[in-house]
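Student: I would like to go through this structure and ask what justifies each label. Please set the values against the definitions.

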Amino acid sequence: MKRKAITALLLAVIMALLTAFSGCSLNEKIPFLNKVPQQYTEGIKYDKDFPDDELEIYDDAIVFEEVSYFGEIILLCGTTDDIDDIVSFYKDFFEDNEIELIEETQDRKEYYASYQSGGYSLKLEVLEAEGEYIEDEFEYVIHLYAKEMDDNALAAVATAPPSTLAPESTPTPEISSAHTQEPTAAPTVAPEPTPIAYNDAVEYFLEIAIWEGYGLVMRWETPINVQIGGNYTDEDYNNIIDHLDIFNAMGCFPPISVVESDANMLIYFLPREEVTEYVYNYDGETLSCHHILVNDDSQFEKITGVVVTDFITQEEKKFASLGVLAQGLGLFQYSNKYSDSIFYFESKYDWTGVQEYSEMDYAIMRILYSDAISTGMDAETARAALMP
């Protein structure tokens with residue numbers, strides 16, 4: 001015991017001397033003490049196809065994250081500059097390049113602009129820095145979005161002409177959690193899309209989103225605060241976090257965050273005997289279930305989703321988790337139309353082996369949260385809005 005105490009004391013003295021004589025902090029001198037990931041201090045190499053001549057990266061900003069989603073490249077850039085300097089930089093850029101903005105909004109701590117240039121659909125958002133490491137390293141985060149326009153086909157995001165389906169821009173907040181294992185640094189990247197006929201996407205949306213027995217469209221109109229609980233594994237947890245990252249990157253949903261309390265979306269991993277404590281009408285047979293609360297305007301107020309954990313494989317839990325997340329967005333129905341869809345069932349008790357949302361699944365999510373759709377619409381009204 002005495003030898004250990006002497007060793008610890010000597011180590012402390014050596015480290016103190018190292019700091020004093022080198023002029024460096026211990027974090028700088030001893031790399032393993034520096035807990036800030038390199039991506040936030042030195043940046044990353046981003047996709048060479050990002051059109052930075054059409055949407056310039058802010059001077060001296062650090063590009064610390066990239067998300068590719070259905071042909072759209074999204075860069076997250078951190079800076080210690082004030083928002084007024086950032087906005088001035090981009091206004092000068094727009095003026096110098098004679099760019100005509102489609103939309104521009106600004107308040108004291110946020111800025112948004114969208115436009116088309118050089119064959120790209122482009123937008124940027126400036127938001128206060130939030131999240132672990134990010135708020136310590138930066139004052140503001142600039143979100144840059146670039147998607148190459150294709151006039152000949154509607155891709156899997158199933159966006160119609162801007163007058164009917166252009167989604168309203170929403171902030172992309174950081175996902176935070178008190179879970180002992182941090183979520184993966186890079187969000188799950190969605191697969192490259194294949195063309196999907198717009199009419200097919202609309203028909204599938206109407207089949208899945210109009211809830212049998214209720215007959216109306218329901219969705220979130222407020223920020224979604226997710227709490228994960230129960231007997232989940234690290235793989236269960238990371239699967240949820242990865243897909244919440246994708247949802248935020250899509251830009252059509254209300255802001256989504258992971259919280260420790262005051263959640264309005266609860267996702268539990270529970271054995272069968274405990275499920276009815278949270279979902280009273282659980283039938284005891286399905287891999288998952290949910291309970292929802294909506295207001296008089298068909299807007300969600302609270303959703304509880306449960307994944308059953310006993311007598312179930314990890315693959316089945318992932319399948320069930322994807323279903324719970326999709327239902328939590330407002331897509332409740334089943335179909336036997338597309339076998340690669342998370343909504344595909346010949347029987348509601350079947351496990352189909354699906355381990356990821358299909359391009360069609362992402363398409364109907366986009367439609368549900370597009371400007372063309374409103375809560376409380378019935379199928380006939382929704383169809384008229386989507387296919388005028």
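Student: What makes Asp-84, Glu-95 and Asp-96 of helix 3 exposed?
Tutor: In this predicted model, Asp-84, Glu-95 and Asp-96 lie on the other side of helix 3 from its buried residues and are exposed, a word that requires over 50% relative accessible area, while buried means under 20% and partly exposed covers the range in between (1.4 Å probe, protein chains only). The model is predicted, with local features needing pLDDT of at least 70 and side-chain atom pairs pLDDT 80 or more, while totals for chains, interfaces and linings use all residues. Residues are numbered from 1 along each chain as its sequence is written, and side-chain values use heavy atoms, without hydrogens and water.

Student: Which residues of helix 3 are buried, and how do you know on which side they lie?
Tutor: They are Ile-83, Ile-86, Val-87, Phe-89, Tyr-90, Phe-93 and Phe-94. They cover an arc of only 155° around the axis, so they share the same side of helix 3; the arc is taken over the directions from the helix axis to the C-beta atoms.

Student: How do you know that the span of helix 3 agrees with its number of residues?
Tutor: Helix 3 (residues 83–96) is a DSSP run of H or I with at least four residues, whereas a strand is a run of E with at least two, and both are numbered from the N terminus. The expected span is 1.5 Å times one less than the number of residues. For 14 residues that should be 20 Å, and the end C-alpha atoms are 20 Å apart, therefore the two agree.

Student: What is found at the N-terminal end of helix 3?
Tutor: Asp-82 caps that end, with a side-chain oxygen 2.9 Å from the backbone nitrogen of Asp-84. Just after helix 3, Glu-98 takes a positive phi of about 50°.

Student: Why is Thr-304 called buried?
Tutor: Thr-304 has a relative accessible area of 9%, therefore it counts as buried. Thr-304 lies in strand 11 (residues 300–308). Beyond its neighbours within four places in sequence, Thr-304 is in contact (heavy atoms within 4.5 Å) with residues including Leu-266, Tyr-268 and His-291.

Student: What makes a set of residues a nonpolar core?
Tutor: The members must be buried Ala, Val, Leu, Ile, Met, Phe, Trp, Tyr or Cys residues joined through side-chain atoms within 4.5 Å. The largest such core has 62 residues, and Phe-205 is one of those that touch the most other members. Helix 6 (residues 198–209) gives the most to this core, with eight residues. Apart from it lies another core, of 28 residues, among them Phe-93 and Ala-113.

Conventions:
Polar contact = N/O pair within 3.5 Å; in protein donor to acceptor, adjacent residues only side chain to side chain.
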